[in-house]
Amino acid sequence: MSLLEELLAATPVLTDGAWGTQLQARGLTPGECPDQWNLTRPAEVEEVARAYVEAGSRVILSNTFGSNRITLAGHGLAGKAVELNRAGAAISRRAAGDRAKVFASIGPSGKMLVSGETTEDELRAAFAEQARALAEGGADALVVETMSDLAEAKIALEAAKSTGLPVVACMVFDTGRNKDRTMMGTTPEQAASELAAYGADVIGANCGVGVESYIAICRRLKAATDRPVWIKANAGLPELVGGKTVWKMTPEAFAGFVPQLIQAGASFIGGCCGTSPEFIRAVAGVIGR
Amino acid sequence: MPELWKLHDAILNGDAKTAVAVTTEALAENVSPLELVQKYMVPAMDLVGQRFECEEYFVPELLLAARAMKGSLALIRPLLVASGAEPVGRVAIGTVKGDLHDIGKNLVSAMLEGGGFDVIDLGADVAPEKFVNAVKERGAKIVALSALLTVTMGSMKTTIQALKDAGVREEVKVMVGGAPVTEQFAQEIGADGYSENASSAVALARRLAAS
């Protein structure tokens, strides 16, 4: 049985929540590169991964969201790309043991193709390097996530597929009157059909403007593809209270949307910005395992 | 006589090559640079903004139009300066300290340039003192602050405080934007304006420059 068949034998599959805020709670400062902790503070990173496994995640990601050499260059760490990705995947693998699968994270480059800030060749090389290192670090699958540009998503997807691992491809739908397009204007239908054509094994949406808005997105992705759908939504939008960023949605309120996500066809469910192991525990309660 | 409507359409369609070619031809035939800007280019960018608002255009179309506009303006601006016409205003823009994300900032920067502003791009992870210096030493009249991370929104407040401490807060208008930023947040930190997207940022900067 393939990895995905094994997981999908019991759906929905519970994934994990946010990592950045968990690392901040352990001392990561704003502006510091979170991924660097894979080498400098691996114990804290493993604590976060373990907290999600304890909360009931059957799939955890990795602290490698920004570990492509283009993003790392902003922190002066481009030369560390391979090391950071290997370490990040290995940390998650250790925390997961035989209780969870590691779907290692590949985020966007942060540069735009259309304005010429980066090129397709540059992206291809950066994502290929990252995907390879994640596979070497022990990832069970790869997740191309938080993509706004379909062209960049396809390049990352191709790079991820070349490792032979199963690949999830998801985009952020947060733009337009109905918040149902990516920043670049792509609809869920376009994303689903193009990403499937490029070989994505699972198609999804993450981040965005809040879990409630992803119910309709989930339904539309599901209708547009025969692939399983992956949803990792934000806990609403943050508010600034007395200089501190606060996410007002509670774990229970977030979990309250889960039945609607399941009904809309989500096979993988987790959280993004503003969520924590408590949110995952609350979702586990709703899913019933 | 070049067909000047082609300049309008080239900008609307984000075709920088044609925009530059028609501009070059028009200037060679002594068409007034101000007429080019006012009758063809600005209306084209206004239409781009409208199409963005009604979701016919998205970021890629916006960027390409801004680049076409910028290409033409590069030819026209020296002539305008020589004739004594002032640019709409000088803006110092940057992503605030602690935040390396620059897509939104670059987009607003391109749109402001397309809108005829003289833009000083300070980059990403910009310390408050750099904004202060841009006001003091380079005469920026508008400071535009961007943030993507919720944890770096606080740097916007710090930057505004630094402008106050340096005694230049009254000399500039401060505008803010970025995914987690809201109108309410902008008011709380004492900014002069907030815009939800790159297109409305130009309209906001124009209002601020005129007030």
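A residue is taken as buried if 20 or more other C-beta atoms lie within 10 Å of its own, as exposed if 12 or fewer do, and as partly exposed in between, with C-beta atoms placed from the backbone. By that yardstick both faces of E4(B) are covered, with B:Lys173, B:Met175 and B:Gly177 buried on one side and B:Val174 and B:Val176 buried on the other. Put as a count, five of the five residues of E4(B) are buried. The model is a predicted one, where local features need pLDDT of at least 70 and side-chain atom pairs count only at pLDDT 80 or more, while totals for chains, interfaces and linings use all residues. Residues are numbered from 1 along each chain as its sequence is written, and chains are lettered from A and ligands numbered from 1 in the order in which they are written.

On to the sheet that holds E4(B). Helices (H or I, at least four residues) and strands (E, at least two) are DSSP runs numbered from the N terminus, and two strands pair if DSSP finds at least two bridges between them. In chain B, five strands make an open sheet with parallel pairing, in the order E2-E1-E3-E4-E5. Strand E2 (118-121) and strand E5 (193-194) of chain B are at the edges with a single partner strand each, so one side of each has no neighbour in the sheet. Further in, strand E3 (residues 142-146) of chain B runs parallel to strand E4 (residues 173-177) of chain B, and five bridges join them. Within this pairing, B:Leu145 has B:Val176 in E4(B) as its bridge partner, and B:Ala144 stands opposite B:Met175.

Helices lie against this sheet. Contact here means that the C-beta atoms of two residues, placed from the backbone, lie within 7 Å. Axes are lines fitted to C-alpha atoms, for helices over the stretch in contact, and angles run from 0 to 180 degrees between N-to-C directions. Helix H5 (residues 103-114) of chain B packs on the sheet and touches strand E1 (90-95), E2, E3 and E4 of chain B, with its direction at about 165° to that of E1(B). Helix H6 (residues 128-138) of chain B lies across E1, E2 and E3 of chain B, also running at about 165° to E1(B).

Helix H7 (residues 154-165) of chain B has 12 residues, which at 1.5 Å a residue should span 16 Å, and its end C-alpha atoms are 17 Å apart, in agreement. The expected span is 1.5 Å times one less than the number of residues. Among the buried residues of H7(B) are B:Met156, B:Ile160 and B:Leu163, and the cover over its buried residues includes H6, E3 and E4 of chain B. After H7(B) comes B:Gly167, with a positive phi near 75°.

At the start of chain B, helix H1 (residues 5-12) and H4(B) have axes that come within 7 Å and cross at roughly 140°. That makes H1(B) oblique to H4(B), given that angles under 35 degrees count as roughly parallel, over 145 as roughly antiparallel, 65 to 115 as roughly perpendicular and the rest as oblique. B:Leu7, B:Ala10, B:Ile11 and B:Leu12 in H1(B) meet B:Ala65, B:Ala68, B:Met69 and B:Ser72 in H4(B). By class, the residues of this contact are seven nonpolar, one polar and no charged; Ala, Val, Leu, Ile, Met, Phe, Trp, Tyr, Cys and Pro count as nonpolar, Asp, Glu, Lys and Arg as charged, and the others, Gly among them, as polar. B:His8 is also buried in H1(B), and the buried residues of H1(B) pack against helix H2 (16-28), helix H3 (33-53) and H4 of chain B.

Between the chains, 21 residues of chain B are in contact with 19 residues of chain A. On the chain B side, helix H4 (59-82) and H5 are the elements that give two or more residues, with H4(B) supplying the largest share, three residues.

Chain A has an open sheet too, of eight strands with parallel pairing, in the order E1-E10-E7-E6-E5-E4-E3-E2. Elsewhere in chain A, A:Phe254 sits in helix H11 (residues 251-255) and counts as buried because it has 27 C-beta neighbours inside 10 Å. Its C-alpha atom is separated by 6.5 Å from that of A:Ala235, 19 residues apart along the chain.
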